[in-house]
Each structure stands twice: as structure tokens, then as C-alpha cells.
Amino acid sequence: MADSTMPVLQVQNLTVQLVGAPGEEERSVVEGISFDIHAGETLCVVGESGSGKSVTSFSVMGLLAPDALRPAAGRILLDGEDVLACSPERLRELRATRMSMVFQEPMTALNPVRTVGWQIDEVLRTHSALDAAARKRKILDMLESVRLPDVERIYHSYPHQLSGGQRQRIVICMALILNPKLLIADEPTTALDVTTQKQILALILELQRSHNTAVLFITHDFGVVAEIADRIAVMNRGRLVEVGSREDILARPKEAYTRMLVSSVPGLAPQARQAPEGEPVLVVDGLEKTYAERGFFKAKRTVHAVRDVSFTLRKKEIVGIVGESGSGKSTLARCIARLIDPSAGSVRLDGTEIATATKREFHPVRKRIQVVFQDPYRSLNARIRVGDSIVEGMRNFGVSEEEARARAVELLDIVGLGADTMDRYPHQFSGGQRQRICIARALALRPDILIADEAVSALDVSVQAQVLELIEDIRTRTDTAVLFITHDLRVAAQICNSIVVMKSGQIVEAGQAADVLTRPQDEYTRQLLDAAPGRHWDFKRFRPTQASPH
Amino acid sequence: MSSSIHSMPGVAASAPALRRRPRSALVRTLSSWPVMAALVMLAVIVLAAIAANLLGLADPMAINPMQRLKGFSAEHWFGTDAYGRDVLSRVVHGARVSLMIGAGTAVAALVPGLVLGVIAGYFRAADMVIMRIMDGIMSVPSILLAIALVAVTGASLLTVLIAIAVPEFPRVVRLVRGLILSLRDEPYVEAAISLGTPTHTLMMRHLVPNTLAPLIVQGTFIFASAMLSEAVMSFLGVGMPPEFPSWGNVIAEGRMYFQIKPGLILLPGLFLALTVLSVNMLGDAMRDALDPKMARRI
């Protein structure tokens, strides 16, 4: 019997190397990391993309792709047994009974052609001696304990019939049904909306308490960390920067990197800024977008993606449009940029109606509204040099090649990239750099309105902070107004003058950022604010949030 | 738990360091030994076909009744057929026909396929019309089309090429249309639209170049299957004119004497099999190199 004070998981001096072609130099993705997790404890591993946090969790599960990654040194002791030395059969046994994992994307973690009940049952069929009736009873109990409604119906449902949050509950149910000692959760709430995230985090904590499970929680989100961690391990470029209790890391970080990381987390408190007095450039009035869904046998059904939306954007103003997935915020942006045609309502740019303009009429207006998209990896054509991408818009509007290239270099300088960027290809840049390139490309046409559609959502916090600064800088330098679309209230609080909250295609609340964030009038806005993880912690000042001065 | 482990999308893909593909992926894939062997094989056959007249072989059409069905000899390495024609010479010259049919069909299917596919994928109104026509064309069996064409215009290289390419090209249209439909939703295409890029530039610059890799791969498969189709059609007598040396014809003529002279079928059959195998292997290798994501799945 293992000693009760012995950690459930001990990672000792783990090094994982990239398996290269023969003759190539071996590169370590994870180098010499060590940490312990005790029963009933939650260790959060935080780090930016590429820090090796996922590789660490996959090593513990024995899930490294053998043709790509290889543990080169160190030990991973689960209950005293070295996982790295286990046979594949033993690993399979351990994976179900001693440790289990919850992944980021609950849809791909489930088999789409089997009912979820069958899939949970599979775990029990393989790893327990229970008969069918006992297994079913156990599964229904477990489904109830992950707070799913109408468990009998859920048992017989297929994954696509459930919501994202419900699917993640199923995956958690599957992971915990054999009562493992260690639960590894790899960004389990990143794909979920904040309100769902809050429930899932609460669920994991509750189940952990009742089963005394050790939890290894991988995340990039410090809000989540502040919410659930007992201890925190900070990783950077494959190395462990610092391990400590939650208070140690969040309030008294020792390492410069940790300080930088923690202080880049945007706070929920709105920045003090006065409302811009400028002229309104964009007036949206009663905008609608409906999709007609037709079927051979079904009656025609219309889906209101955007319903009666009105707001005004002034010069030099940043208006945030905030909402969860499916709220219609992106559809709204695409209607304004005329990437899709609105169904009804009006959009006036400096008094010119653009919602009903024909393609030919809209063409000269196009350059005045530019968009920066979410995914920096897909926003640039991989086959075209960065310089040519930036020049493209100017060439379309009759600027000479020479002049356009000179301006492109100027723009790259504004976004903090050198002139040598012009002749390189997108794959040579990081996500943050690509997003800068996209911003430069959008600015090339000197737009009146910049639409940032979740433009910083895919970026790490430290890069996010830089890009937000850049957008703010551009706003003050030029007269550009920004329509900032985001699901993240923290980001909106940092940068927006006013905030529009959307739900199911409609505006539920709109007003000055400070008012919306500190004195929300609508129930839904309150829910959103309440669900924002880590709202009790002021990351910038390394201390708990002070009561708001209002 | 086990099901979620198995359905996990590529573990390696989660390690960001691995996402970058070495630039020499094409070179590396092509330099593995089976692919090299296929390349060498194909090079030999192509060179032989081009230089067939310079190899000092007998005239492939010269009939010599005195030399009927002779065995291996210094004069006729692989013997002679029922009309006394040199088998080796007929097979080497036959490579010309097969390769021309293969390459010709690939080009004849890819070019209109690309054009119509881009139009169907980009313009919603054209999509309906073009795709229904393609469905119609796909329903015509190539053998039936060949019989009809031969009956109307007589057997020739062009007839065979048309008979194989016509039922093949709607598949290319479908492929390109699908690619364009998914490319249209890419943010970089939307970005180009909001930069005011005119439609034709959008197609030539952002859409078409990104369909080329899968298209080239598809081309190699069309190449290989067209050579097989030619052989089948010639064998059935609806392909190349009978006096013409093509692998299908040589096999068709050898069929009668298979019991006494198996070489009449085996030699052209071997060439056909090796060429198709080489082209297919090359196609597979190119697919792996150009699209590493597909390589893991198929």
C-alpha cells in the first residue's frame, strides 16, 4: 500500500526530444522538468503556446507519437510506478484505472457514430467485471453526478445531439467513472463559452473533492488558474520556470518571466477613458440578417442571425461587441464589411447608405472598412510573400507599385516589423507577428473603420497585450474607428470606449464601457461578468481585486 | 476512456514545434528507395518510347510470314507474333501509344476540369447547371462511348483519348469545385475580397494556386488509369487500329496463341503493370509530400 503522504504523480527530470531524421540535431521540446501532485490537489501547468505543457501531459499519459516525440531522460512515477518503463498493455490498464484525461475539444474526443452511453459503457466493459445491469446503473449514477439532466435520454443520445458543455460533461464522466487517482485536463474549457466554462470548472472541483483525485490541469488562461489552482507550475520554452502555491505565483512571483506573464493578463476593471466627441462615422440602424433553411420535407424555417441591431461608431472610438458563440457578433461584422449581404436595415458610412449598395457602388467604399480576422494562420495566403499581400489592396485601388511598396514598409514599421519582412513568407512568422502583418495590410488602405473580429483571441496573453497596445496606438495616431468583436470581457475592458452586449442576434445592453462593466443593467451581462474566471484577482497589481470605487 | 484516446486528432499535431514542415519534404519523400525505383523505371520506359526508332529494333509493323511465332533468338529477343512481327519492337513502340494516351488524357481532363471546377465552385448560379451536366456526363460508360466514337469516326489515337478523357473530367470538376468551396471560406480569401481584389485576380492569385497540389496528384492517377483503359479498349477491339502497336493490341493478338507462346501476353502485360505501378507510386509519393495531413489518414 502506498504511503498516504506520497505524491500521486512525480515527474522527475523529464526530457522529451523531437525525433528528427537521422543525422539531424536532436531538439528538446521539454527539458529537465520536475513536479509532484498529491491526492486531492490541483496543479495548474500554465504557459504560452509552444511551452511544452501539452507534451508534458501526453508524456504522463504515454500518448506521445513514437515517430515524432521521444522521452529521452527522467522518470514519471504514478503511485510509484514508472510510466515511461511500462509495457503498452500495462499503460492501457493504467490509463483507465489510475489516470485519465479530458481533452480540449469534446466533439472530437467522442465517437460520432455511437451513443454516449455505449461509449461510457465501453470503459466499464473493458476494465471492470460488472454485469450489464450494474454497469448501466453505475453509468446513470455517474451521469447524474456530472449534473446532466434526464440521464436516461442522454444515455441514448449521440454526441451531435448534445451541446458543447454537455459533451464535455460526458468526457469527464468517462474519465472519472473508474475513479482514477490522477485526472489530466488539457485545456478542457478553452473551447467552451464562459458561462459553460464556469459550470465545468465547478464540476471538476466538486468531483475532485468527493473522489480525492489529483488533477493536472493544463491551461493558458490565468483567470482559470486563479479560479481552481492549489499550486501552479509555469512553463516557458520547454523548461519549468517556477512552481509554487497559487498565492506565491500570483502575488509574489520570483521569476521575471512569471511576473511578465501574470501582469499581461488583462483586468476586468475598465480603463478610465472619456467618450470620444468625434463625428459618428458609422451608423447602423435596424440591421437584420436572416438565413432561410430549406428542406425537402420540412417546412421552411428562418434563422435570425442578427435581429434589429442599431449602434453608432464615432471617429477615434473603439466599440466592443461582446457575446458568446452564436450571438451573431461575427455575422454583424461581416454584414457591415459587406462580406455577406444584410437582409434588412441600414448601415450608413458618413451618411452614405452601404447596406443596399450594389457591388459596383460598394467597391469604392470597401477600402474604408477593413477587417482583421481571428486566425492569424489562415488570414494570410501561404503562397504569397508578405509584401505582396500588403500591397495587394493598394494596387487594387490604383496606387503605383513603387508607392505601394514604400507605404508597405512604412506600415510594417508602424506594426513593429522590419523591412525585410516584405520578401518573406507567412510561415516564417509567429502568430502574433502574422496578426501584425494582417493589421498592416488592413491599414494600407487608410480605412475609416477597422473591424477586429476576435483579432486577439488566438494569441497568447503577452502577445495579446502587445497587439492591443498596437490597436490603441493606431487609433490615437490616425482617426480610425475600431469595431472590436470579442467573446472576452477582459479584453473588451482594456480597449473599448463603449460596449455592446449581444445575445441570440440581439443587443441586450449597450453603453459606456465603465457603465456596462461595473453597473450592468441586463441579467445576461451580469451572468457574463459573473462567469469571467479569476475576477477576484487583479493580475496587474499582483493582489486580490479591490472593491470597485463606484 | 479508450475511445477518446483513439479518436484524438494526431498527437503530434499538438506539439507546435512539429507544425513547421521542412521545405525539402518533396525531395525527402522522392528520395526514398521505392520511389526512386519507380522514377528510374518510368524514366527508362519514357526514354525507350522516345528513342524507339534509334534503338535499332525491327520495324514493329513489318509482317514476315516466314518468321511466325518464333521463340527467343539473337535476331528477335522476345520472339515474333502470329504475323512474324518482332514482339520486343512492338512492345517498345507500344509504350509510345500508352504514354501518349496517359499524358494526353491527364491534360485533357485536368484543364477543362480546373476551369469548370473553379467556375462551379465560385459562382453559385453556374454551380447548379455545371454540376448537373457533369452528372450526366459521368453516367456515360467509357467503353460505350468508345464504341460509338469508333463507329462514327473510326479507330484512332484521338478517338481513344476522347473516349477516356470525357467520362474522367467531371471527376476533376468535382474535386476542384470542392476545393474552391472550402477555400472561399478561408479568411485570407475574405481578406482579399475586403481589400477590393477583383474576381479574376482573386481566382488566379488566391484560389487556383491553392488547388494545384491535389490536382497534380489527381493527374498522376488519371495518367495511370488511362493507360489501363486504353489497354482494355484495344483488347476489346474498340481502341487503337489493330495494326498499330499498342500494349492492348499486342495483348489482344497474343491471346489466341497464349497456350503455345505465353510471352506474347506476358511481356506487354509486364510493361503495362510496371508503368502503371510506377506512375501510381509517384502519385502517392507526391500526395504524401504535398499534403502531409492526408498521408497520415490514408
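# A tour of chains A and B

Start on chain A, where helices H7(A) and H19(A) make a left-handed crossing. This is a predicted model, so keep that in mind at every stop.

**Stop 1: H7(A) against H19(A)**

Select residues 194-211 of chain A for H7 and residues 523-531 of chain A for H19; these two helices pack with their axes 8 Å apart, at an angle of about 45°. Anything from 35 to 65 degrees falls between roughly parallel and roughly perpendicular, so H7(A) and H19(A) are oblique to each other. Now show side chains. On the H7(A) side, the contact comes from A:Val194, A:Thr195, A:Gln197 and A:Lys198. Facing them from H19(A) are A:Gln527, A:Leu528 and A:Ala531. Colour that contact by residue class and you should get 3 nonpolar, 3 polar and 1 charged.

**Stop 2: the nonpolar cores**

Next, select A:Ile451, A:Leu483 and A:Phe484. These are the residues with the most contacts inside the largest nonpolar core, which has 83 residues. Add residues 431-443 of chain A to the selection: that's helix H15, and with 6 residues it gives the most to this core.

Stay with A:Phe484 for a moment. Which residues is A:Phe484 in contact with, leaving aside its neighbours within four places in sequence? Look for A:Ile318, A:Val319 and A:Gly320, then A:Ala452, and finally A:Ala492, A:Ile495 and A:Cys496. Another core, of 82 residues, lies apart from the largest one; to find it, select A:Leu207, A:Val224, A:Ile228 and A:Leu261, which are among its members.

**Stop 3: A:Met394**

Jump to residues 386-396 of chain A, helix H13, and pick out A:Met394. Is A:Met394 buried or exposed? The cut-off for buried is 20 or more other C-beta atoms within 10 Å, and A:Met394 has 24, so it is buried. Beyond its neighbours within four places in sequence, it is in contact with A:Val399, A:Ala404, A:Arg407, A:Ala444 and A:Leu445. While you're here, draw a distance from A:Met394 to A:Arg405: the two sit 11 residues apart along the chain, and their C-alpha atoms are separated by 9.2 Å.

**Stop 4: two positive phi values, and an arginine**

Go to A:Asn13, in strand E1, residues 9-18 of chain A. Its phi is near 55°, which is positive even though the residue isn't glycine. A:Asn13 has 11 C-beta neighbours inside 10 Å and counts as exposed.

The next one to click is A:Asp150, in the chain A loop between helix H4 (132-145) and helix H5 (151-155). Here too phi is positive in a residue other than glycine, near 50°. A:Asp150 counts as exposed, with 9 C-beta neighbours inside 10 Å.

Then look at A:Arg114, in the loop of chain A that runs between strand E6 (99-102) and helix H3 (116-127). With 14 C-beta neighbours inside 10 Å, A:Arg114 counts as partly exposed. For a sense of scale, draw a line from A:Arg114 to A:Lys316: their C-alpha atoms are separated by 53 Å, and the two are 202 residues apart along the chain.

**Stop 5: over to chain B**

Hide chain A and show chain B as a cartoon. How many helices and strands does chain B have? You'll find 13 helices and 0 strands. Chain B has 298 residues, and 39% of them count as buried. Of the chain B contacts between residues at least 6 apart in sequence, 70% join residues at least 24 apart.

Select residues 142-153 for helix H6 of chain B and residues 157-184 for helix H7 of chain B; their axes cross at roughly 150° and come within 9 Å. This crossing is right-handed. In H6(B), the residues to show are B:Ser142, B:Leu145, B:Ala146, B:Leu149, B:Val150 and B:Thr153. They meet B:Thr159, B:Val160, B:Ile162, B:Ala163, B:Ile164, B:Val166 and B:Pro167 in H7(B). Colour by class again: the contact of H6(B) with H7(B) has 10 nonpolar and 3 polar residues, and no charged ones.

**Last stop: B:Pro112**

Finish on B:Pro112, a proline found in helix H4 of chain B, residues 87-122. B:Pro112 is partly exposed, with 16 other C-beta atoms within 10 Å. One more distance to draw: the C-alpha atoms of B:Pro112 and B:Gly56 are separated by 40 Å, with these positions 56 residues apart along the chain counted as their spacing.

Notes
Residues numbered from 1 in each chain as written. Chains lettered and ligands numbered in written order. Predicted model: local features only at pLDDT ≥ 70, side-chain atom pairs only at ≥ 80, totals over all residues. Axes fitted to C-alpha atoms, helices over the stretch in contact; angles between N-to-C directions. Helix = DSSP H or I, 4+ residues; strand = E, 2+ residues; numbered from the N terminus. Parallel < 35°, antiparallel > 145°, perpendicular 65-115°, else oblique. Left-handed = near helix turned anticlockwise from the far one by under 90°. Contact = placed C-beta atoms within 7 Å. Nonpolar A, V, L, I, M, F, W, Y, C, P; charged D, E, K, R; others polar. Core = buried A, V, L, I, M, F, W, Y, C linked by C-beta atoms within 7 Å. Buried ≥ 20, exposed ≤ 12 C-beta atoms within 10 Å, placed from the backbone.
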